[in-house]
Amino acid sequence: MSPQIAVLDGVTKSYGGAEVLHRTDLGFDRGVIGLLGPNGAGKSTMLRLLATAMPPTSGRIVVSDHVVTDGSPDRTAARRRLSYLPQEVGIPRRMTSFAFLDYIAVLKEWKDTGARHREVNRVLGLVGLEDRRTKRVSALSGGQRRRLALAQALMGDPDLVVLDEPTTGLDPEQRASLRGILSSYADRGAVLLATHQTEDVSALCDRVIILDDGRIRFDGSVASLIGLADGQVWIGSEVNAGALSSWRTGTGEIRSLGGVPAAGSRPAEPAVEDAYLLVRSANLIGQPR
């Protein structure tokens with residue numbers, strides 16, 4: 001069995017005495033892994049730890065067989081095999097798209113000019129910006145700047161791709177394109193995708209992790225997550241008594257999650273969002289994952 005691409009072994013993170021990531025033991029194999037959780041759950045902290053952007057308070061982190069918590073040489077070696085797209089990216093606005101990516105490639109130690117430029121053009125094509133290669137960043141739309149930031153994370157076929165809300169600012173067509181790009185990495189690397197878009201998880205991910213209050217609440221397949229909501233979703237003319245959530249659909253009927261089914265209600269197929277809300281509810285938090 002091949003070693004895992006990345007491992008968090010007993011990892012914690014505290015700020016000023018407050019523990020924002022409690023003891024975490026996770027391993028990541030090839031595939032696309034969705035990371036769900038509310039704001040403040042610790043998702044970005046986990047991603048930054050994996051990306052070696054900051055050290056853990058305790059525990060051990062391994063990326064591509066390099067123990068990044070052992071010191072600078074291993075951390076540098078690991079950084080050569082991973083990429084990171086934070087939620088907020090600052091891109092020099094006077095640079096062209098090509099110049100920005102070329103600059104990032106130099107930082108990533110691409111010394112051969114011809115190979116470097118071929119890689120820059122390749123990732124520009126992946127994100128659909130080949131016709132914007134000579135445009136200054138200041139002339140790009142918000143969605144195009146987000147795609148440019150994504151392009152730098154795709155350089156060099158990294159073993160581990162760490163993405164924090166990559167679909168922010170993308171329209172439906174661009175998001176669909178991104179899914180195709182990321183799914184192509186599933187056979188050769190691990191993609192860890194933090195998102196609030198549950199539809200991206202259901203469409204793309206092999207595995208989903210739910211993080212809440214710095215603790216892992218669920219870790220398993222998308223199918224097993226959705227299975228937690230079996231028999232909990234109802235469609236009818238009235239709201240279920242005690243429903244966790246409910247809303248009127250486009251057909252005029254009421255969709256209820258949980259509670260006592262109203263008279264005349266019929267069961268509906270659950271979605272990732274339904275199961276996520278249930279996991280976060282008091283009914284499921286603390287049960288075995």
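**Exercise 1. In which helix does T45 lie, and is T45 buried or exposed?**

Solution.
- Place the residue. T45 is part of helix α1. The model is predicted.
- Check its area. The relative accessible area of T45 is 11%. Buried means under 20%, so T45 counts as buried.
- List its contacts. Setting aside residues up to four places away in sequence, T45 touches K13, Y15, V20 and M54.

**Exercise 2. Decide how far helix α1 is enclosed by the rest of the structure.**

Solution.
- Take the bounds. Helix α1 covers residues 43–50.
- Name the buried residues. They are K43, T45, M46, L47, L49 and L50.
- Conclude. 6 of the 8 residues are buried, so α1 is largely enclosed by the rest of the structure.
- Look past the helix. T52 follows α1 and has a positive phi, near 65 degrees.

**Exercise 3. Work out the surroundings of strand β9 (residues 207–212).**

Solution.
- Start with burial. 6 of the 6 residues of β9 are buried, so the strand is largely enclosed by the rest of the structure.
- Sort the side chains. In a regular strand they alternate between the two faces of the sheet. In β9, R207, I209 and L211 point one way. V208, I210 and D212 point the other way. Both sets are buried, charged residues R207 and D212 included.
- Find one partner strand. Strand β3 (residues 31–36) runs parallel to β9, joined by 4 bridges. G34 has V208 as its bridge partner in β9.
- Find another partner strand. Strand β10 (residues 215–220) pairs with β9 in the antiparallel sense, over 5 bridges. Here D212 stands opposite R215.
- Inspect the turn. The hairpin of β9 and β10 has 2 residues between the strands. D213 takes a positive phi there, near 55 degrees.

**Exercise 4. Locate the largest nonpolar core relative to the domains.**

Solution.
- Size it. The largest nonpolar core has 49 residues. L101, L148, L154, L163 and L225 have the most contacts inside it.
- Assign it. Domain 1 (6–225) and domain 2 (226–285) both give residues to this core, so it lies between them.
- Examine one member. Neighbours within four places in sequence are left aside. L154 is then in contact with E119, R122, V123, L126, V127, I181, L182 and Y185.
- Look for another core. A second, separate core has 29 residues, including L8, L26, A78 and I216.
- Set this in context. In soluble globular proteins, nonpolar side chains tend to be buried together.

Terms used
Residues are numbered from 1 along each chain as its sequence is written. This is a predicted model: local features need pLDDT of at least 70, side-chain atom pairs count only at pLDDT 80 or more; totals for chains, interfaces and linings use all residues. Side-chain values use heavy atoms; hydrogens and water are left out. Buried means under 20% relative accessible area, exposed over 50%, partly exposed in between (1.4 Å probe, protein chains only). Two strands pair if DSSP finds at least two bridges between them. A nonpolar core is a set of buried Ala, Val, Leu, Ile, Met, Phe, Trp, Tyr and Cys residues joined through side-chain atoms within 4.5 Å. Domain bounds come from an automatic or database domain assignment. Contact means heavy atoms within 4.5 Å.
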